[in-house]
Amino acid sequence: MGNDMIRLGQFLKFANLVETGGQARELITTGVVSVNGEVERRRGRQLHPGDTVTIETDAGPVTEEVNLDPIDVPW
């Protein structure tokens with residue numbers, strides 16, 4: 001029903017990978033976020049179910065798969 005997409009910046013917050021949109025923007029612009037294995041620098045990148053988002057951290061990579069089930073997305 002139109003809920004089959006979320007933007008990268010929003011997803012980072014909803015997946016609890018960052019606390020704020022500012023943190024999401026900083027991570028994306030510094031090139032430590034990749035989507036499906038490719039570095040992504042666009043905060044507005046559209047993600048769809050099954051896409052994988054990885055953040056490179058000091059402790060190693062953190063990967064989340066996009067899942068837009070209604071219980072996960074508050075709209």
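N16 sits in the loop that links α1 and α2, and that's a handy place to start looking around this predicted model. The protein has two helices and six strands, laid out along the sequence as β-α-α-β-β-β-β-β. Below is a quick tour: the overall make-up, the sheet, the core, and then a few loop residues worth a look.

**The overall picture**

- The protein has 75 residues, and 29% of them count as buried.
- Its accessible surface adds up to about 4900 Å², with carbon and sulfur atoms making up 46% of that.
- Take the contacts with a separation of 6 or more: 41% of them are between residues 24 or more positions apart.

**The sheet**

- Four strands line up as an open sheet in the order β3-β2-β5-β6, and the pairing is antiparallel.
- At the edges you'll find β3 (38-39) and β6, each of which pairs on one side only.
- β2 and β5 run antiparallel and are joined by three bridges; one residue to look for here is V35 in β2 (33-35), whose bridge partner in β5 is V53.
- On to β5 and β6 (residues 60-65): six bridges hold this antiparallel pair, and T54 has T63 as its bridge partner in β6.
- β5 and β6 also make a hairpin, with two residues between them.
- As a rule of thumb, side chains in a regular strand alternate between the two faces of the sheet.

**The nonpolar core**

- Which residues touch the most other members of the largest nonpolar core? They are L8, L12, V33, L47, V53 and V66, out of 14 residues in that core.
- Four elements each supply at least two residues of this core: α1 (8-14), α2 (21-29), β2 (33-35) and β5 (52-57).
- Of the contributors, α1 gives the most, with three residues.
- Grouping like this fits a broad trend, as nonpolar side chains in soluble globular proteins tend to be buried together.
- V53 is a good residue to click on: leaving out neighbours within four places in sequence, its contacts are L8, F11, L12, V33, S34, V35, L47, V62, T63, E64 and V66.
- So V53 turns up in two roles, as one of the core residues that touch the most other members and as the bridge partner of V35, a residue on its contact list.

**Two asparagines with positive phi**

- N16 has a positive phi of about 60°, even though it isn't a glycine.
- Is N16 buried or exposed? It's exposed, with a relative accessible area of 67%.
- N36 also isn't a glycine, yet its phi is positive at about 50°.
- You'll find N36 in the loop between β2 and β3, where it is partly exposed, with a relative accessible area of 40%.

**D51, a buried loop residue**

- D51 belongs to the loop between β4 (46-47) and β5.
- Why does D51 count as buried? Because its relative accessibility is 13%, and buried means under 20%.
- Setting aside residues up to four places away in sequence, D51 touches N36, Q46, E64, E65 and V66.
- With N36, D51 has a polar contact of 3.1 Å between the two side chains, which ties this spot back to the loop between β2 and β3.
- D51 and V35 are 16 residues apart in sequence, and their C-alpha atoms are 6.9 Å apart in space.

**V32, just ahead of β2**

- V32 is in the loop between α2 and β2.
- It's partly exposed, with a relative accessible area of 23%.
- Apart from neighbours within four places in sequence, V32 is in contact with L27, T54, I55 and E56.
- One of those contacts, T54, is 22 residues away along the chain, with 8.0 Å between the C-alpha atoms of V32 and T54.
- T54 is also the residue that has T63 as its bridge partner in β6.

Notes
Residues are numbered from 1 along each chain as its sequence is written. This is a predicted model: local features need pLDDT of at least 70, side-chain atom pairs count only at pLDDT 80 or more; totals for chains, interfaces and linings use all residues. Side-chain values use heavy atoms; hydrogens and water are left out. Buried means under 20% relative accessible area, exposed over 50%, partly exposed in between (1.4 Å probe, protein chains only). Contact means heavy atoms within 4.5 Å. Accessible areas come from the Shrake-Rupley method with a 1.4 Å probe; for residues, only the protein chains shown count as cover. A nonpolar core is a set of buried Ala, Val, Leu, Ile, Met, Phe, Trp, Tyr and Cys residues joined through side-chain atoms within 4.5 Å. Two strands pair if DSSP finds at least two bridges between them. A polar contact is a pair of N or O atoms within 3.5 Å; within protein, one must be able to donate a hydrogen and the other to accept it, and residues adjacent in sequence count only if both atoms are side-chain atoms.
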